[in-house]
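Q: Please take a close look at one residue in this model and explain how it sits in its surroundings. Then carry the same way of looking on to other places, so that I can learn to read such details.

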Amino acid sequence: MTTALTCTNIHVDFDGFKAVNGVDLTLDRGEVHFLIGPNGAGKTTLVDAVTGLAKYSGSVVKDGVELRGKKVHHIARRGIGRTFQTATVFEQLTVAQNLDIAAGAGRSPWSLLRRRTVLPDNVVAVLEQIGLAGQAQTPAGILAHGQKQWLEIGMLLVGDADVLLLDEPIAGMGHEERDTTGRLLHEIAETRAVAVVEHDMDFMRAFASRVTVLHAGAVLASGSVDEVSNDPRVQEVYLGASHEQEAIDAATA
Amino acid sequence: GEETAAAESCVDTSGDTVKVGALNSLSGTMSISETTVRDAIYLAVDEINAAGGVQGKQIEIVAEDGASEPTVFAEKAEKLIREDCVAAVFGGWTSASRKAMLPVFEDNDSLLYYPVQYEGLEASENIFYTGATTNQQIIPALDYLAETGVKSLYLVGSDYVFPRTANAIINAYAADKGIEIVGEDYAQLGSVEFSTIVNQVSASGADAVFNTLNGDSNVAFFREYANVGLTAEQMPVMSVSIAEEEVGGIGIENIEGQLAAWNYYQTIESPANTTFVDAFKAEYGADRVTSDPMEAAYNSVYLWAATAEKAGSFDVADIQASADGVSFESPEGTVVIDGENHHVTKTARIGEIRADGLLYTVWESAGAIEPDPFLEGYEWAADLQVSE
Amino acid sequence: MLRLRNLTCGYGRTPVVHGVDLEVGADEVVAVMGHNGAGKTTLLRAVVGLIPVMSGSIELDGEAVNRRPANKRVKAGMAYVPQGQQCFAHLTAGENLRLVADGRKSGKALIDAQLDLFPALRPLLGRQAGLLSGGQRQQLAIARALITEPRLLILDEPTEGIQPNVVAEIESTIVDLAGRGGLSVLLVEQHLGFALQAASRFAVLRSGRVASTGGTGAGAVERVREAMAI
Amino acid sequence: MSRFFATRAGVWSGFGAAALVLFGAAPLLLSGFRLGLLAQFLCYAIVAVGIGLAWGRGGMLTLGQGVFFGMGAYLMAMHMKMADAEFRNGHGAVPDFMELAGIRELPAYWVPFASPVFTIAMILVLPTGFAVLLGFAVFKRRVKGAYFAILSQALAGAFAILLIGQQSMGGFNGLSRFRYFFGYNLDDAVNQQMLYFIAAGVLLVVVAVALQLRRSRYGELLVAVRDAEERVRFLGYDAANIKVVAYAAAALFAAVAGAIFVPVVGIISPASIGIVPSIMFILGVAIGGRASLVGPVVGALAVAWAQTALSEQFPSAWTYAQGLLFIVVIALLPGGIASVAALTKRFQAKSATVEAAA
Amino acid sequence: MDLLVGQLFTGLSTGSILLLAALGLSLTFGQMGVINMAHGEFIMAGCYTAYVTQQVVGDAGVSLLIALPVGFLVGGAMGLVLEWLLVRHLYQRPLDTLLVTFGVGLVLQQVARDVFGAPAVNVTVPEFLRGGVDLLGTAVPKTRLFILALAVVAVTVVALVLRFTAAGRRIRAVVGNRDLAETAGISSRAVDAGTFFIGSGLAGVAGVALTLIGSTSPTTGQSYLVDAFLVVVAGGMGRIKGAVVAAVALGTFQAVFETYSTASLAKVGVFVVIVVFLQLRPQGLFTLRTRSLA
Ligand SMILES: Nc1ncnc2c1ncn2[C@@H]1O[C@H](COP(=O)(O)OP(=O)(O)OP(=O)(O)O)[C@@H](O)[C@H]1O
Ligand SMILES: Nc1ncnc2c1ncn2[C@@H]1O[C@H](COP(=O)(O)OP(=O)(O)OP(=O)(O)O)[C@@H](O)[C@H]1O
Ligand SMILES: NC(N)=O
Ligand SMILES: [Mg+2]
Ligand SMILES: [Mg+2]
């Protein structure tokens, strides 16, 4: 395991409101790192900060390079990819075109101005991996919600992102799809660092390598699934009394 | 077109009619003014036809819309000449439209009769200018102001060639006559924001204002002028683009007592004008007024007909050759074509705007003034002269 | 309360939901389940009137409401919480609530009741809703729907993006409200545990058609799984 | 049909047919005057291809193409005026209109335009460069949608006003009265025909360039930016650059069109490049079908032709016709003529469903 | 000195005129996203309303007071018709509204030409608004003070309504999310129509007021349109506060710049300033942010 991304002492301030308040976080390759915490804890904001969407103080370093102050697309080119709480793909373009575009951020202007004759190998491979090989020529706009989310992840993969920040990637997915997604994430994480923001505790329990809990803009707890689930402070602000109930649900499922 | 055959004329007068073009803006910003010119052209044609036509032929008008755009004027002029094979074209208003049409008429060796006062410094073989050139309007207006003791002038104009050239002439004149030009401002054509300009005029303390604004801008200018308390007694405004048509829109309460310089007013008392005004009102309604460009357009048709009669031909070369000295007893007095520069002699008149919305002559030149488009007869204008 | 007969609807000219028959009785909670893209959201949008019905009918209290605009259906007692944490982004959270309370006699009290249910919203009332976190927005959306005192509450994946302890609250609230009487619920939910807990009957949609229906008693989990699996 | 034209053979036969009409049929059938008119319309069509790219594909509703059209036109006109002055009065002479405006000394920035090479280079570089600069200023700051449309419209207004105020650029009257086009006498019917062929040739080239841009990866990227600009950023692209390319290409096309327009029509003035003419450029594109390749060409030709034909017969009715065209086409047929086929199909499908339902 | 005071007032006055012309737009464009190019023609309709009223009533003062509300109704009615016939089908396609309404503008202009004739008509300024009052040594036209006051009143009313009333909340809600508003029990049709009515009505009021200083002809209105749009853009979409600041700033800039340069260059200057300004604040002076990606 190598460290892919190090965030140190991140602060995000919205007109006096401290949405993120001194967070330290490291993401390692080979792990699926879950970020959980109450609504409004600052998870999305943290991701926004890392990807250049929110202004922050502190430091984000990837492979020895400081990312603070860089533009969104520069950060993306350094291999940091993200998805959004609501899937955004290019609805008018086909699945294959979506992936091809995502694969091509580094292309020379000259190759951009030429026609695509064959799909690049990595696009074909990823189509397979995200289970959309059959829909390569389908316009992305008519994909189902979950498929769009897989496509989004696929777009990060072909773009050679090796730090993936996924904001609620299984929102709206059914059970099998969740499992499929979970396995996909682990497959991906073999060579990359994956961070997942989620509220689905079953999913977390099933797939998290490591968990960091945010609360009120700060890290409340961090560790293995069991460590954080048993942390009384986490239970109080986040899991609630009913997490036993959840566990029962999970068992029956 | 000396070298080529592109200009082969297709005018056909073998039948009992002769075709002429009427090219005015019927749409766009200039349609305000140009439709009135169109009315006058039709009136003249009807009268001439009723009197037996030209060389026994009835005049047939082919009408086109210039759409207030110079390129359209050029396109339509070419169409009238090459496709409709008209013997002559009447129309145009802005200098921009004339400049756009000029090469078309020269290349195709055809004739344009242009009826509006303009900035001079032009004389094409293929154009007859029946409106005033500067020495028949601007210079008399300056003479009048100088005579009434004006020692300083503020110049206000729309930002295009006529006002700019007019003001260049005024500056040269003023330098020669010891009149001080205390300000010179241009507003975009169609601009209605005159607060700044009027404030500056007001603060300048000039004896008078020389106004070359065009169109709607005059409304806003005179309202602002009146509202800051300036009056014709304190600081008269001499305008060269406000005719009977425009006074109504400005509102008589804002402009009463102000001055204008033209060659023709509806109120001129002469048998020819009475006939013209009566005929016009009979045709288009008693509430309509006649104005200088309308009269010049009306004259232009008669002048063309008279020249054709004299030449005994509708051929361009014959008309050009016969034009010199052709005259017409027009509403403004006798006008005579100068064969040299294709302009006509005109009587200059200063008019005062009165409560009934009409302009009344308060001064007029001693007889018709010979056209001098290049101001060759004025020493102080030496710097303005151009090689043709 | 609500009856769908042979309902077909979709987007543009493409039907997505085909001939669905479904009934929600008084004080009943019915869960609709199905894969992504099965047409659950589409069905609900047709029920509230955001997309036109292609054929079939929607009856509220025995009266066809097919042609009524959405706002009329809401006034007739429906309330809808759309999928995706939607709110009026340019209004403050408080204004989001007041908007629906406007014109109601006990508007203030209704808002207060919801704030008791979702205490996390209280400190956020002055914040622009578009700036709230996803879960905060979802809570706001549910609160907004409840303020209208609906007789039929239509929820599209209400727990998506909400923290576990609040999910539990929402669950018990729904069960509570329905149990008190006067409220029927049509619930779309992926979260099997939640759905079967809250609902008394379920329907599974597959490719826009009803694949299975039944009560949420014993064995329901298996039947749902089976209906969805194929 | 449409499928065929997407193939290589289809593309070539499409170009072949167009070439046959433009280079064969039109010169044979049309009088010199009408051919000149057609050349003018082809210039509008060239502008339209660029708008189709920027607006139809890239979503940038550029209401200011008059600016680039005008730049190309004025640059060409400057050269032609210089050439005329030189012919009349020798090297370094002041063009006639400047004399009228009282300018006795040739302004320094006019001097290099005596050179044809310099002029052509400027026509290709200056408007495009300006578009790139402006594009960066605007797109980098993520000004888009209605903001961009209104800004580009204001730009057209400002540019026209600026020109009106420049006496050394012909002011309100603009530049006109040209004798020679790179040494060829414009009076000559043969040379007029040559101008037509140039316009037709350039149009084909421009369409080919646009086709390549659309079919390339860049073309897909452009659509992606149109539909989800922010997302493209997160994939590591600079969306502004992508937009700038389309905007600059549209500017280049417009500039070239303007440069041909001047010798064809014989005048360029601020009246041809301000706000209203700029919107009129859009009309043809909208009517033809903004998102299709040949739609804008067909639309631009159709509108120009309709304007000429209608205004000959019913001068003032043209304003109504124009207004109604905007209303009807955009409101009812947003895909333009190009979408009629698809629409009929759908309509048939719809009536089929209605019948089935009944 | 006098001149400077005069120019500062001129800036304020020009700003108030811009604001009056732009206020309706900040509802229809800023709030609803409809780029109504026929707004200028609604202003023109207001001008002709003042003219016709004066023909009927006679007394300039009385007719002005009658024309203000009537102008509101005329502009509003035209807006309603436009909304009902065309705009409501185009809410998803804001750029298309621009082109469609441009066509509507062309038609309305031609209609005005056919009905009232092409030349400008005269609307007499009432006796009590003639002449000027002396402010710090410069004569300030009463007409301009009247327009300034009218603009202040109109802006205040609109801002208060939007901010604090249920109707205002509804307008903002529908603007934000039409479907969601429907499901919150708001008739988005009624709100759309109402908003468009008010926005267009304000254009009518602006038209009536502008007859006091400008001309009344078929092309009146056009001259205000682009500037009015720029005000809304610079102020930030839908921000009344922004529109006020932008209008006054642009008015003052233009007036002062014009004093030292020419009116034409001032127009160009305004454009340059706005482009530069958008570099600093791309979404206008005052903006509402959201976190959505759309
Ligand atoms: N631009 C902003 N201006 C003001 N406050 C903001 C802004 N963006 C976010 N916030 C606030 O910052 C806090 C953190 O939001 P964030 O979206 O990061 O939460 P989250 O942990 O992702 O929550 P959830 O699980 O509900 O998605 C919230 O209270 C939110 O309202
Ligand atoms: N606006 C739209 N236009 C066209 N097709 C759409 C639209 N919205 C959804 N669809 C299509 O309709 C089908 C059903 O979508 P719907 O959103 O109803 O599914 P769902 O069951 O709610 O899925 P999820 O669990 O992901 O929310 C999908 O194939 C989708 O692509
Ligand atoms: N010739 C004029 N008045 O333009
Ligand atoms: Mg979040
Ligand atoms: Mg759904």
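A: **A buried glutamine and other places to look**

In this predicted model, E:Q254 is buried, because its relative accessible area is 9% and the cut-off for buried is under 20%. The residue belongs to helix α10 of chain E, which covers residues 240-260. Which residues does E:Q254 touch, once those up to four places away in sequence are set aside? They are E:A266, E:K267 and E:V270. The chain that holds E:Q254 also takes part in a chain pair worth noting: of the eight pairs of chains that touch, D and E have the most contacts.

The same steps work in chain B. B:V62 is part of strand β2, residues 58-65 of that chain. With a relative accessible area of 15%, B:V62 is buried. Leaving out residues up to four places away in sequence, the contacts of B:V62 are B:K19, B:V20, B:G21, B:A22, B:L80, B:D84 and B:V86. Distance along the sequence can also be set beside distance in space. B:V62 and B:V89 are 27 residues apart in sequence, and their C-alpha atoms lie 9.0 Å apart.

For B:D324 the values are of another kind. B:D324 sits in a loop of chain B, between α12 (316-322) and β11 (327-330). Its relative accessible area is 48%, so B:D324 is partly exposed. Residues more than four places away in sequence that B:D324 touches are B:K310, B:I337, B:D338, B:G339 and B:E340. From B:D324 to B:I179 there are 145 residues in sequence and 37 Å in space, C-alpha to C-alpha.

Next come pairs of helices. Two packed helices are described by the angle between their axes and by the distance between those axes. In chain B, the axes of helix α1 (residues 31-50) and helix α10 (residues 271-284) come within 11 Å and cross at roughly 105 degrees. That angle makes α1(B) roughly perpendicular to α10(B). By class, the contact between these two helices has seven nonpolar, no polar and three charged residues. On the α1(B) side the residues are B:D39, B:A40, B:Y42, B:L43 and B:E47. On the α10(B) side they are B:F276, B:A279, B:F280, B:E283 and B:Y284.

Chain C offers a second pair. Helix α3 (residues 93-101) and helix α4 (residues 107-117) of chain C have axes that come within 9 Å and cross at roughly 135 degrees. The two helices are therefore oblique to each other. Their crossing is right-handed. By class, this contact has four nonpolar, one polar and one charged residues. From α3(C), the residues in contact are C:L97, C:R98 and C:A101. They meet C:G107, C:I111 and C:L115 of α4(C).

Chain C also has residues around a metal ion. Which residues coordinate the magnesium ion, ligand 5? They are C:T41, through OG1, and C:Q83, through OE1, at 1.8 to 2.2 Å. C:T41 lies in helix α1 (residues 40-48) and C:Q83 in the loop between β6 (78-81) and α3, so the pair ties together parts of chain C that are 42 residues apart in sequence. C:T41 counts as partly exposed because its relative accessibility is 21%. C:Q83 has 18% and therefore counts as buried. These two values fall on opposite sides of the 20% cut-off.

Two loop residues of chain C have a backbone detail to check. C:D27 has a positive phi of about 60 degrees, although this residue is not a glycine. C:D27 is placed in the loop between β2 (14-24) and β3 (29-34) of chain C. With 38% relative accessibility, C:D27 counts as partly exposed. C:S207, also a residue other than glycine, has a positive phi near 45 degrees. The loop that holds C:S207 runs between β9 (201-206) and β10 (209-215) of chain C. Is C:S207 buried or exposed? C:S207 counts as exposed, because its relative accessibility is 54%.

Last, some chains do not meet. Chains A and B do not touch, and their nearest C-alpha atoms are 38 Å apart. Chains B and C do not touch either, with nearest C-alpha atoms 36 Å apart.

Conventions: Residues numbered from 1 in each chain as written. Chains lettered and ligands numbered in written order. Predicted model: local features only at pLDDT ≥ 70, side-chain atom pairs only at ≥ 80, totals over all residues. Heavy atoms only, no water. Axes fitted to C-alpha atoms, helices over the stretch in contact; angles between N-to-C directions. Helix = DSSP H or I, 4+ residues; strand = E, 2+ residues; numbered from the N terminus. Parallel < 35°, antiparallel > 145°, perpendicular 65-115°, else oblique. Left-handed = near helix turned anticlockwise from the far one by under 90°. Contact = heavy atoms within 4.5 Å. Nonpolar A, V, L, I, M, F, W, Y, C, P; charged D, E, K, R; others polar. Donors = N, O, S within 2.8 Å, 3.2 Å for Na, K, Ca; no water. Buried < 20%, exposed > 50% of the residue type's maximum accessible area, 1.4 Å probe, protein only.
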